[in-house]
Amino acid sequence: MRSAIACIAFFLAACGTNERPRQQNSGVEAPVIAIQPLGEVPTAVLDSVRAAISREHGATALLFARRNLPPQAYINVRTPRHRADTLIAWLGSIKPDSVDFVIGITQQDISTTKYDSNGAIKEPAWKYRDFGIFGLGYVGGPSCVVSTSRLGDGKSVLFFDRLKKVVVHELGHDRKLPHCPNLSCVMRDAVERLSSMDEADPGFCGECTARLRSSQ
Ligand SMILES: [Zn+2]
Ligand SMILES: [Zn+2]
């Protein structure tokens, strides 16, 4: 089974310099994470993403200038969508060396293919060949992507809570975290489902926090 959710980004530092910003936290170098808006993304969404990255990942968040979604990611099997794995690969290809990770944020619907334990497309194949998701990130990064399309009304507290959890979860994968057996942890399996996502805390459990620290 693929290790879930993903992201990748493009580099035009809207607020940037070529200097690599760093914040020190207990002597540990904080990661630098770039936010890449893909298409039109509301400022409130980007502010929320930035706050979650700073608070839960203890990272320096940079906001890149908006870019259009790459046309090669577009697909129309069941409904018009953009392939998350293609977006992640593209984001990875444009990631500057000056940042550690890049997360793409889009309002467009994104999808992936779900596989079973034998590597075949999960049944029913018509459903899982192009399956709509909230986000995708691979363990070890360096990129992931999150869509607001399935997270709710775009304005409620619940919507923003979900957005922040998916962002923190996908970047957790990029930072080498697998899924966590702690059902309260933001890295719990299937946080991609709304019901389980709403049950999870916004941040990492003690064990995942320790793993993040030890991997830096
Ligand atoms: Zn996951
Ligand atoms: Zn955990």
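Student: In which loop is the place of P142?

Tutor: In this predicted model, the peptide bond from G141 to P142 is cis, with omega near 15°. Most peptide bonds are trans. The place of P142 is in the loop between strand 10 (135-137) and strand 11.

Student: Where is P124 found?

Tutor: P124 also follows a cis peptide bond, the one from E123, with omega near 0°. P124 is found in the loop between strand 8 (110-112) and helix 3 (125-128).

Student: What is the mean pLDDT of the protein chain?

Tutor: Over residues 1-25 the pLDDT is below 50, although this stretch has 93 contacts in the model beyond near neighbours in sequence. In the protein chain, 86% of the residues reach 70 or more. The mean pLDDT of the chain is 86.

Student: How many helices and strands has the protein chain?

Tutor: The chain has 216 residues, and buried residues make up 40% of them. Among contacts between residues at least 6 apart in sequence, 71% join residues at least 24 apart. The secondary structure of the chain consists of 6 helices and 11 strands.

Student: Which residue stands opposite A34 in strand 4?

Tutor: A34 belongs to strand 3 (32-38), which is mostly covered, with 6 of its 7 residues buried. Strand 3 and strand 4 run parallel and are joined by 4 bridges. Together with helix 1, these two strands make a right-handed β-α-β unit. Opposite A34 in strand 4 stands L62.

Student: Which residue of strand 7 stands opposite L38?

Tutor: Strand 3 is also joined to strand 7, and these two strands run parallel. There are 6 bridges between them. The residue of strand 7 that stands opposite L38 is T106.

Student: Which element gives the most residues to the largest nonpolar core?

Tutor: The largest nonpolar core has 47 residues, and those with the most contacts inside it are I33, I103, V145 and V167. In soluble globular proteins, nonpolar side chains tend to be buried together. Elements that give two or more residues to this core include strand 3, strand 7 (101-106), strand 11 (143-147) and helix 4 (157-174). With 6 residues, the element that gives the most is helix 4.

Student: Within what arc do the buried residues of helix 2 fall?

Tutor: The buried residues of helix 2 (residues 84-94) are A84, L87, I88, W90 and L91. An α-helix has 3.6 residues a turn, so residues three or four places apart point the same way. Seen down the axis of helix 2, its buried residues line one face, because they fall within an arc of 165°.

Student: What is the phi of K176, which is not a glycine?

Tutor: K176 lies in the loop between helix 4 and helix 5 (194-199). K176 counts as partly exposed, because it has 14 C-beta neighbours inside 10 Å. Most residues other than glycine have a negative phi. K176, however, has a positive phi of about 80°.

Student: Does A190 count as buried or exposed?

Tutor: A190 lies in the loop between helix 4 and helix 5. The C-alpha atoms of A190 and H179 are separated by 8.6 Å, and these residues are 11 apart along the chain. Because A190 has 12 C-beta neighbours inside 10 Å, and 12 or fewer is the cut-off for this class, A190 counts as exposed.

Technical notes. Residues are numbered from 1 along each chain as its sequence is written. Chains are lettered from A and ligands numbered from 1 in the order in which they are written. pLDDT is the predictor's confidence in each residue, from 0 to 100. Two residues are in contact if their C-beta atoms, placed from the backbone, lie within 7 Å. A residue is buried if 20 or more other C-beta atoms lie within 10 Å of its own, exposed if 12 or fewer, and partly exposed in between; C-beta atoms are placed from the backbone. The arc is that of the directions from the helix axis to the C-beta atoms. A nonpolar core is a set of buried Ala, Val, Leu, Ile, Met, Phe, Trp, Tyr and Cys residues joined through C-beta atoms within 7 Å. Two strands pair if DSSP finds at least two bridges between them. A crossover is right-handed if, with the strands pointing away from the viewer, the path from the first strand over the helix to the second runs clockwise.
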